[in-house]
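Please open the model in your viewer, with side chains ready to be shown as sticks. The stops below move from one selection to the next, and each says what to look for there.

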Amino acid sequence: MKRTTLVFIAILLTIGVAWTAYGEEALPPPKRLTTKHMMADLKHAYTMLLQHHPHFKEMDINMKSDWIDSYNNYLQLIKQAEDEEQFKQVMQIMLNDLRDEDTRLLAKEEYDEYYDHCQSVQQSTFKDELEKMAAKRRYAHQPMDESTHHHMQRNHHQESDMHSEENDLQMFTLPNSGYVLRVPNSM
């Protein structure tokens, strides 16, 4: 009985050490996006933007109306998307139409920086979003993107204190792709 208990404890310790040692690298890759997944993520992002983006509280009614009317165009583009790269391109088109460079899908480097910050502070307004399994899987397997990295560095040099930035941001994880959508609270 004692021997069985010791073996069981040894196995648990080995599993715990292995999980700690490999951490996010041990996460399986994100699931392959189907058209249905891409459409659902587009709808989720669109809904979150309508509900939470400051432009829709402040911008003129014509611009808001034009952006809302464009949803069917985005949906048609998503239906034609053949892979994840094309999905990201359609999302970028939708986000560009907001005319706000602070609203974007996080690049891996930016996700990692925010995630590390959330781990080092007691309270974080967007910790729950960054810790969703879909996001962790997505960014654990996301390659570095040089163009986004330069954009991120430029923004972070302008914003010196990440903790104070938390009050100015909201983040939403797209449930199927795992990408995290960064949205400012105010402009």
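Select aspartate 112 first, which counts as partly exposed because its relative accessibility is 22%, where buried means under 20% relative accessible area, exposed over 50% and partly exposed in between, computed with a 1.4 Å probe on protein chains only. This is a predicted model, in which local features need pLDDT of at least 70 and side-chain atom pairs count only at pLDDT 80 or more, while totals for chains, interfaces and linings use all residues. Residues are numbered from 1 along each chain as its sequence is written, and side-chain values use heavy atoms, with hydrogens and water left out.

Now add lysine 108, whose side chain meets that of aspartate 112 in a salt bridge at 3.1 Å, N to O; the term stands for a side-chain nitrogen of Lys or Arg within 4 Å of a carboxyl oxygen of Asp or Glu. Both residues lie in helix α7, 4 residues apart, or about one turn of the helix. Helices (H or I, at least four residues) and strands (E, at least two) are DSSP runs, numbered from the N terminus. Lysine 108 counts as buried, at 15% relative accessibility.

Stay on helix α7 and select glutamate 110 together with arginine 182, which form a salt bridge with their closest N and O atoms 3.6 Å apart. Glutamate 110 belongs to helix α7 and arginine 182 to strand β3, so this pair ties together parts that are 72 residues apart in sequence. Both glutamate 110 and arginine 182 are buried. Add Arg104 to the selection as well, since salt bridges that share partners join Arg104, Glu110 and Arg182 into one network.

Next, show the strands as a cartoon. They make an open sheet of 3 strands in the order β1-β3-β2, with antiparallel pairing, where two strands pair if DSSP finds at least two bridges between them. The edge strands, each pairing on one side only, are β1 (104-105) and β2 (169-173). Strand β3, residues 180-184, runs antiparallel to β2 and is joined to it by 5 bridges, and threonine 173 can be found opposite valine 180 of β3. Helix α7, residues 108-120, lies across β1, β2 and β3 and runs at about 75° to β3; such angles run from 0 to 180 degrees between N-to-C directions, with axes fitted as lines to C-alpha atoms, for helices over the stretch in contact, and contact means heavy atoms within 4.5 Å.

Then move to helix α2, residues 35-52, and select aspartate 41. Which side chain of opposite charge is nearest to this residue? Arginine 138 is, at 7.2 Å, and aspartate 41 is buried yet has no salt bridge; for charge, Lys and Arg count as positive and Asp and Glu as negative, with His and the chain ends not counted. The side chain of aspartate 41 does reach the backbone nitrogen of serine 177, at 2.6 Å. Leaving out residues up to four places away in sequence, aspartate 41 touches Phe87, Leu174, Pro175, Asn176, Ser177 and Gly178.

For the last close-up, select glutamate 85 and lysine 88, whose side chains meet in a salt bridge at 3.8 Å, N to O. The two lie 3 residues apart in helix α6, residues 84-96, about one turn of the helix. Glutamate 85 is partly exposed, with a relative accessible area of 45%, and lysine 88 is also partly exposed, at 23%.

Finally, zoom out to the protein chain, which comes to 11 helices and 3 strands, and in which 40% of the 187 residues count as buried.

How values were computed: A polar contact is a pair of N or O atoms within 3.5 Å; within protein, one must be able to donate a hydrogen and the other to accept it, and residues adjacent in sequence count only if both atoms are side-chain atoms.
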